[in-house]
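Reader: I should like to learn how the features of a protein model are to be read. Please begin with a single residue and proceed to the larger elements.

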Amino acid sequence: MPEKVHPTPSGRARELVAGAYDLHVHVAPDVIDRRIDDFALAGRFRDEGMAGFVLKSHYTPTSERAAVVRRSVPGADVLGAVTLNGSVGGMNATAVEIAARSGARVVWFPTVDAVNQRESRAEGPPGAPPPPWAVLQDELAAQGIETPAVHVLDAGGQLLPEVRAVLSLIARHDLVLGTGHMGRAEILAVTEAATEAGVRRIIITHPEFTSQRLPVSEQIELAERGALLERCFTTPYTGKVSWETMLENIRAVGPRHSFLSSDLGAPAGPPVEDGVALMADHLLKAGFSEDDVRTMAVDNTRALAAAPETRAP
């Protein structure tokens, strides 16, 4: 079967996203096959004029790896993270504290082990193959390695004490909270508690994703609480949502409450360094201004990365 031909970003889009961070990439080394490794990607980001990216893994902390890449590829700001799935002990305050001391920037709440994701893993587009993480979970289960889902709410819908402990650490270290693949009730409860705990940077992870599907009214409510809505390129590109729906959601919530990321790294996807610029092209074609695109691609991602501003307010 011939390799899929992917679109190429325009020069205009490349210029608009210069200085941006991609806060959501999946690259090698990983237990899942990836298109590119972190060293090569850092060089490509630098060469394309982008500031850097956050290494996201569903399974392992990435802060130490990010530090090695930063030192080896000058000019690319590669940031680490931790995702609170079963492989790090779930809702584990120790894992968060160690990640923070190792230089992590982002703490994602459960993704592949979220209760919501476990319950909705079959909701991909018709005919789509199971995601690689689901295949991996099935392989582990066949070996007798069963990873329980990571809960954030008790049977009465109240936040568990270990969740509040984690939020306290995120606030203390001024880290970014990402909501992962949690469901609507979990996202609302965690966001409210995070704000009360003093967390200053909150990402609502791909709200259009199949296991989230947050209605625009809730997206607006979350934005009003100070959260930023993540608009991932792969979500519409792979057919999980229509471009029209995502664009309508951005308009309704407002560009200043959204930011662009790619969620790229799968072997069949476009080059990872193209994702944010390709997203910019779609936005420009849909009538968004260059200032809107720059706000979402550069200003908001740099704020989340705690990088200096690139233009005057």
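**Reading the model**

Author: Arginine 213 touches Arg184, Pro207, Glu208, Lys240 and Val241, leaving aside residues up to four places away in sequence; contact means heavy atoms within 4.5 Å. The model is predicted, so local features need pLDDT of at least 70 and side-chain atom pairs count only at pLDDT 80 or more, whereas totals for chains, interfaces and linings use all residues. Residues are numbered from 1 along each chain as its sequence is written, and side-chain values use heavy atoms, with hydrogens and water left out.

Reader: Where does arginine 213 lie, and is arginine 213 buried or exposed?

Author: Helices (H or I, at least four residues) and strands (E, at least two) are DSSP runs, numbered from the N terminus. Arginine 213 lies in the loop between strand S6 (201–204) and helix H9 (216–224). For accessibility, buried means under 20% relative accessible area, exposed over 50%, and partly exposed in between, with a 1.4 Å probe and protein chains only. Arginine 213 has 40% relative accessibility and therefore counts as partly exposed. Its C-alpha atom is separated by 8.7 Å from that of glycine 183, 30 residues apart along the chain.

Reader: How should backbone geometry be read, and which residues have a positive phi?

Author: Most residues other than glycine have a negative phi, and most peptide bonds are trans. Here, phi is near 50° in arginine 213 and near 55° in aspartate 174. Aspartate 174 belongs to the loop between H7 and strand S5 (176–178), and is partly exposed, with a relative accessible area of 24%. As to peptide bonds, the one from alanine 28 to proline 29 is cis, with omega near 0°. Proline 29 is found in the loop between S1 and helix H2 (38–48).

Reader: How is a sheet described, and what is the strand order here?

Author: Two strands pair if DSSP finds at least two bridges between them. In this model, eight strands form an open sheet in the order S1-S2-S3-S4-S5-S6-S7-S8, with parallel pairing. Its edge strands, S1 (21–25) and S8 (258–261), each pair on one side only. Neighbouring strands of the sheet are turned by 30° against each other on average, direction ignored. Strand S7 (residues 228–232) is joined to S8 by four bridges, and the two run parallel. Leucine 229 stands opposite serine 258 in S8.

Reader: How is the packing of two helices read, and at what angle do H7 and H8 pack?

Author: Axes are lines fitted to C-alpha atoms, for helices over the stretch in contact, and angles run from 0 to 180 degrees between N-to-C directions. Angles under 35 degrees count as roughly parallel, over 145 as roughly antiparallel, 65 to 115 as roughly perpendicular and the rest as oblique. Helix H7 (residues 161–172) and helix H8 (residues 184–197) pack at about 50°, with axes 9 Å apart; H7 and H8 are therefore oblique to each other. Val163, Arg164, Leu167 and Ala171 in H7 meet Val190, Ala193, Ala194 and Ala197 in H8.

Reader: How are H12 and H13 oriented to each other?

Author: Helix H12 (residues 275–285) and helix H13 (residues 290–304) pack at an angle of about 150°, with their axes 10 Å apart. That makes H12 roughly antiparallel to H13. Val276, Ala280, Leu283 and Leu284 in H12 meet Glu290, Val293, Met296 and Ala297 in H13.
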